[in-house]
Amino acid sequence: MSYGLLKGKKGIISGALDENSIAWKVALKAKEEGATFTLTNAPIAMRMGAINQLAEQCDAKVIPADATSTEDLEKLYTESMDALGGKVDFVLHSIGMSPNVRKGREYNNLNYEWYMKSVDVSAMSLHKMLQSAEKLDAINEWGSVVALSYIAAQRAFPFYNDMADAKAILESIARSYGYRYAKSKKVRVNTISQSPTPTTAGTGIGGFDSFFSFAEKMSPLGNATADDCANYVITLFSDLTRMVTMQNLFHDGGYSTTGISEELMAMIQGK
Ligand SMILES: NC(=O)c1ccc[n+]([C@@H]2O[C@H](COP(=O)([O-])OP(=O)(O)OC[C@H]3O[C@@H](n4cnc5c(N)ncnc54)[C@H](O)[C@@H]3O)[C@@H](O)[C@H]2O)c1
């Protein structure tokens, strides 16, 4: 069902790798809600080709950009404004990658070059996206930027490795840049802290199946799906949330404020 929440709005959606990606679902919903937008991903991710199928479905131009390169990002904004006929109203940062996680290096044996790469790709890229946008004055007043986070930014989750540090920085950037961008252009910046979700990035984390089912049992509403997340992102892109900024918003079925659930008690008691 469409509510026309993004009618007339223009945007940029990063991170749609395949149909499981959270960004993929956001693109489909944004289209349904009346937005026009460009799609972007790292040049290397283009090789998979799936994004072209999404682009066709959404009538969107694909603009490759490595989110760690300010040159690529400036090109992304310039080409997006050309393609869409003006400044954008929303930007989705749906980007995460840790070479240490990928290569199975534990937190007490990190490769520091890779650690820097994790932070650059997964956190500093949000700063680069915001700074490039502000320099080019590429986002309309009351525009909305959303990035995706995980609760390992606040609590220890041993398997989440250096991504936990990257997410803590990501959330801090949303606050710090959110303040500045609100003052200069009334642009809003928020992060959504999403439940474990079976995507390429999600399932790449060691023990994903176990923490997915732990979170499912812990959350009174169960885990939020990628589709649920996309719905929430759309509300943040819409004018219905104009005064929400500099927040980390938990979208997790109640997980973050539950101490223990009856299901987990029963499991521990062997029932
Ligand atoms: N899946 C989960 O359990 C979960 C939970 C909470 C938050 N998140 C976050 O959601 C976001 C989206 O991840 P997803 O779960 O949809 O997985 P995904 O693997 O589908 O998406 C991650 C995307 O990041 C892109 N990317 C990696 N390096 C890049 C670079 N240098 N430049 C541009 N793009 C680059 C990848 O190509 C991919 O499209 C990430 O920030 C992730 O950390 C995921």
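This report describes the sheet, the annotated residues and the ligand shell of a predicted model.

## The sheet

Six strands make up an open sheet whose order is 2-1-3-4-5-6, with parallel pairing. Strand 2 (36-40) and strand 6 (248-251) are the edge strands, and each has a single partner strand, so one side of each has no neighbour in the sheet. On average, neighbouring strands of this sheet are turned by 20° against each other, direction ignored.

Strand 1 (residues 10-14) pairs with strand 2 in the parallel sense over 5 bridges, and with strand 3 in the parallel sense over 3 bridges. I12 takes part on both sides: its bridge partner in strand 2 is T38, and in strand 3 it stands opposite V91. Strand 3 also pairs with strand 4, in the parallel sense and over 5 bridges. In that pairing, H93 has A147 of strand 4 as its bridge partner.

## Burial of strand 3

Strand 3 covers residues 88-93, and 6 of its 6 residues are buried, so the strand is largely enclosed by the rest of the structure. A residue counts as buried here when 20 or more other C-beta atoms lie within 10 Å of its own.

## Residues annotated as active site

An unreviewed UniProt entry lists Y150 and Y160 under "active site". Y150 lies in the loop between strand 4 (139-149) and helix 7 (163-185), and Y160 is placed in the loop between strand 4 and helix 7.

Y150 has 27 other C-beta atoms within 10 Å and is therefore buried. Y160 has 23 C-beta neighbours inside 10 Å, so Y160 counts as buried. Leaving aside neighbours within four places in sequence, Y150 is in contact with Y160, K167, S193 and Q194. With residues up to four places away in sequence not counted, Y160 touches Y150, A152 and I205. The two annotated tyrosines are thus listed among each other's contacts.

## Residues annotated as binding site

Under "binding site", the unreviewed UniProt entry lists G15, S21, I22, I95 and K167. One of these, K167, is also in contact with Y150.

S21 sits in the loop between strand 1 and helix 1. It is buried, because 25 C-beta neighbours fall inside 10 Å. Not counting residues up to four places away in sequence, S21 touches G15, A16 and T199; G15 is among the positions in the "binding site" annotation.

I22 is in helix 1. I22 has 26 other C-beta atoms within 10 Å and so is buried. Its contacts, not counting residues up to four places away in sequence, are S94, L148, Q194, T197, T199, A226, C229 and A230. Of these, T199 is also touched by S21, and Q194 is also in contact with Y150.

## The shell around the ligand

The ligand is surrounded by 27 residues, the closest being S21, G96, T199, A201 and G202. S21 appears in the "binding site" annotation as well, and T199 is one of the residues that I22 touches.

Helix 1 (22-32), strand 4 and helix 8 (200-203) each supply at least two residues of this shell. Helix 8 gives the most, with 3 residues. By class, the shell has 13 nonpolar, 13 polar and 1 charged residues.

Key. Residues are numbered from 1 along each chain as its sequence is written. This is a predicted model: local features need pLDDT of at least 70, side-chain atom pairs count only at pLDDT 80 or more; totals for chains, interfaces and linings use all residues. Two strands pair if DSSP finds at least two bridges between them. Helices (H or I, at least four residues) and strands (E, at least two) are DSSP runs, numbered from the N terminus. Axes are lines fitted to C-alpha atoms, for helices over the stretch in contact, and angles run from 0 to 180 degrees between N-to-C directions. UniProt positions are given in the numbering used here, feature names are shortened, and annotations may be inferred rather than shown by experiment. A residue is buried if 20 or more other C-beta atoms lie within 10 Å of its own, exposed if 12 or fewer, and partly exposed in between; C-beta atoms are placed from the backbone. Two residues are in contact if their C-beta atoms, placed from the backbone, lie within 7 Å. A residue is near a molecule or strand if its C-beta atom, placed from the backbone, lies within 6 Å of it. Ala, Val, Leu, Ile, Met, Phe, Trp, Tyr, Cys and Pro count as nonpolar, Asp, Glu, Lys and Arg as charged, and the others, Gly among them, as polar.
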